[in-house]
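Q: I'm just starting out with protein structures, and I'd love a close look at one part of this one. Could you walk me through it step by step?

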Amino acid sequence: GVPNIVTLENDKAWREIARANLKQFPQVSILPFNNTPDIVIPELTNETFDLAWVDAPVGLESKRAPRFPGQETCSRYNSLHYALQHAPVVLMHDTKREHELNSLRRVEAEGYVVTQIDTVKGMARIERRNTGC
């Protein structure tokens with residue numbers, strides 16, 4: 001029943017798996033993104049979404065995860081920050097891990113409300129603080 005779903009994947013192998021698994025759903029678009037400190041996806045510059053889900057790129061627990069200046073202790077801060085620019089509510093996975101917690105603390109300090117949801121690996125709901133306007 002959802003008319004439009006956009007999923008972003010920085011890993012080519014995972015992107016191909018997603019395309020194969022979701023090919024029967026024309027409402028799903030699978031777009032690549034580069035894992036850079038500031039994520040830019042030209043196709044989505046002016047797009048907004050009701051909800052965003054963050055579970056990529058790979059967390060800092062992996063030896064293949066790059067560490068970006070200013071984000072050395074934060075996992076997925078770049079994709080979390082990007083999601084918050086495009087959706088009023090963001091869900092983030094793996095939030096019981098140290099580096100994801102650091103990212104949550106950082107966005108909380110930036111004025112977002114973070115609500116932890118108790119799951120096996122942890123999940124958080126992040127939303128803009130209600131300013132009363």
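What covers the buried residues of H2?

A: Happy to! Keep in mind as we go that this is a predicted model. The cover over the buried residues of H2 includes E1, E3, E4, H3, E5 and E6. Let's look at the helix itself, and then at what lies around it.

Helix H2 runs over residues 77–86. Most of this helix is covered, with 8 of its 10 residues buried. The buried ones are Tyr77, Asn78, Ser79, Leu80, Tyr82, Ala83, Leu84 and His86. There is a handy rule for reading such a list: an α-helix has 3.6 residues a turn, so residues three or four places apart point the same way.

Now step back to the residue Arg76. Arg76 belongs to the loop between E3 and H2. Its phi is near 65 degrees, which is a positive value in a residue other than glycine. Is Arg76 buried or exposed? Arg76 counts as buried because its relative accessibility is 7%, and the cut-off for buried is under 20%.

Arg76 also leads us to an enclosed space. The count of cavities of 30 Å³ or more comes to 1. The largest cavity holds about 90 Å³ of space. Its lining is made of 15 residues, and those nearest the centre are Leu60, Pro66, Phe68, Cys74 and Arg76. Sorted by class, the lining of this cavity has 8 nonpolar, 5 polar and 2 charged residues.

Two of those names, Pro66 and Phe68, come up again with Asn35. You'll find Asn35 in the loop between strand E2 (28–32) and strand E3 (52–54). If we leave aside neighbours within four places in sequence, Asn35 is in contact with Asn10, Pro57, Pro66, Phe68 and Asn78. The last of these takes us back to H2, where Asn78 is one of the buried residues. The side chains of Asn35 and Asn78 make a polar contact with each other, at 2.7 Å.

H2 has a part in the largest pocket too. This pocket has a volume of about 1,000 Å³. It is lined by 36 residues, and the closest to its centre are Val6, Thr7, Leu8, Trp53 and Val54. Which elements give two or more residues to this lining? They are strand E1 (5–9), E3 and helix H2. E1 gives the most, with 5 residues. By class, the pocket lining comes to 19 nonpolar, 9 polar and 8 charged residues.

Next, let's turn to H3, which is among the elements that cover the buried residues of H2. Helix H3 spans residues 98–109 and has 12 residues. From its first C-alpha to its last it reaches 17 Å, close to the 16 Å expected at 1.5 Å a residue. In H3, the buried residues are His99, Glu100, Asn102, Ser103, Leu104 and Val107. The covering works in the other direction as well: what covers the buried residues of H3 includes H2, along with strand E4 (89–93), strand E5 (112–117) and strand E6 (123–128).

Each end of H3 has a backbone angle worth a look. Asp94 is in the loop between E4 and H3. Like Arg76, Asp94 has a phi near 65 degrees, a positive value in a residue other than glycine. Asp94 counts as buried because its relative accessibility is 7%, and buried means under 20%. After H3 comes Gly111, whose phi is also positive, near 110 degrees.

Finally, E5 lets us see the covering at the level of one residue. Val114 lies in strand E5. Val114 is buried, since its relative accessible area of 17% is under the 20% cut-off. Apart from neighbours within four places in sequence, Val114 is in contact with Leu104, Val107, Glu108, Ala124, Arg125 and Ile126. Leu104 and Val107 are among the buried residues of H3.

For contrast, try Ile17 in helix H1 (residues 12–22). Ile17 is partly exposed, because its relative accessible area is 41%, and that class lies between 20% and 50%.

So, back to your starting point: H2 is mostly covered, and its cover includes E1, E3, E4, H3, E5 and E6.

Key
Residues are numbered from 1 along each chain as its sequence is written. This is a predicted model: local features need pLDDT of at least 70, side-chain atom pairs count only at pLDDT 80 or more; totals for chains, interfaces and linings use all residues. Side-chain values use heavy atoms; hydrogens and water are left out. Helices (H or I, at least four residues) and strands (E, at least two) are DSSP runs, numbered from the N terminus. A polar contact is a pair of N or O atoms within 3.5 Å; within protein, one must be able to donate a hydrogen and the other to accept it, and residues adjacent in sequence count only if both atoms are side-chain atoms. Contact means heavy atoms within 4.5 Å. On a 1 Å grid over the protein atoms alone, a cavity is a set of points where a 1.4 Å probe fits but cannot get out, and a pocket is an open set with protein on both sides within 12 Å along at least five of seven lines; lining residues have an atom within 4 Å of a point. Grid points are joined across faces, edges and corners, and a volume is the space filled by probe spheres set on the points. Ala, Val, Leu, Ile, Met, Phe, Trp, Tyr, Cys and Pro count as nonpolar, Asp, Glu, Lys and Arg as charged, and the others, Gly among them, as polar. The expected span of a helix is 1.5 Å times one less than its number of residues. Buried means under 20% relative accessible area, exposed over 50%, partly exposed in between (1.4 Å probe, protein chains only).
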